[in-house]
Amino acid sequence: MKLSTRFRYGTRFMIDLAMSYNAGPVAMTDITNQERLSKKYLEQIAYRLMKAKLIKSVRGPKGGYLLTKHPQAIRLIDIYNALEKNLALVPCLKNPNVCSLSKTCAAKEFWQRLQRQIEQYLFGCTLKSLAKLKKRQLV
């Protein structure tokens, strides 16, 4: 299983915003420099996060991006859902008709359980907890 760069970069972006929560907007260039990310790609990610109402942009000389909610209220599953279409480890979990063995597949129950575990973990992990981890690493 491999997570997309969109989700990985989006998570890093959101952690940076969480670390600056209540400190005003964070400029895109500050984040791209700190995280060594492509500005153009991160702007596409920011657009999706704004559509999902997880962040907002502030224009002007002191503008940038802000979280729309407290970091404790934003979970990784929210970020994942904003940036990816769905969390289907295998195609048959989303659409059983894609596989002729879907009804008799011995592994399908395993895939369902694994997917539920991943979803529960993403649901239980907040931006606040990830920001705390990053702060510890910086010390």
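User: Happy to start with a cysteine in this predicted model. Is Cys 105 buried, exposed or partly exposed?

Analyst: Good place to begin! The relative accessibility of Cys 105 is 32%. Buried would need a value under 20% and exposed one over 50%, so Cys 105 counts as partly exposed.

User: How far is the sulfur of Cys 105 from the closest cysteine sulfur?

Analyst: The closest cysteine sulfur belongs to Cys 92. A disulfide needs two sulfur atoms within 2.5 Å. The sulfur of Cys 105 is too far from it for a bond, at 6.0 Å.

User: And which cysteine has the sulfur nearest to that of Cys 99?

Analyst: The structure holds 0 disulfides, and Cys 99 is in none. Cys 99 counts as partly exposed, with 32% relative accessibility. At 5.9 Å, the nearest cysteine sulfur is that of Cys 92.

User: Let's turn to the helices. What is the orientation of H2 to H3?

Analyst: H2 covers residues 28-35 and H3 covers residues 39-51. Their axes come within 10 Å and cross at roughly 120°. Angles of 65 to 115 degrees count as roughly perpendicular and those over 145 as roughly antiparallel, so the crossing angle makes H2 oblique to H3.

User: Which residues of H3 make the contact with H2, and what is the handedness of the crossing?

Analyst: From H2, the contact uses Met 28, Thr 29, Ile 31 and Thr 32. Lys 39, Leu 42, Glu 43 and Ala 46 are the H3 residues. The contact residues divide into 4 nonpolar, 2 polar and 2 charged. As for handedness, the crossing of H2 and H3 is right-handed.

Conventions
Residues are numbered from 1 along each chain as its sequence is written. This is a predicted model: local features need pLDDT of at least 70, side-chain atom pairs count only at pLDDT 80 or more; totals for chains, interfaces and linings use all residues. Side-chain values use heavy atoms; hydrogens and water are left out. Axes are lines fitted to C-alpha atoms, for helices over the stretch in contact, and angles run from 0 to 180 degrees between N-to-C directions. Helices (H or I, at least four residues) and strands (E, at least two) are DSSP runs, numbered from the N terminus. Angles under 35 degrees count as roughly parallel, over 145 as roughly antiparallel, 65 to 115 as roughly perpendicular and the rest as oblique. A crossing is left-handed if the near helix is turned anticlockwise from the far one by less than a right angle, and right-handed if clockwise. Contact means heavy atoms within 4.5 Å. Ala, Val, Leu, Ile, Met, Phe, Trp, Tyr, Cys and Pro count as nonpolar, Asp, Glu, Lys and Arg as charged, and the others, Gly among them, as polar. Buried means under 20% relative accessible area, exposed over 50%, partly exposed in between (1.4 Å probe, protein chains only).
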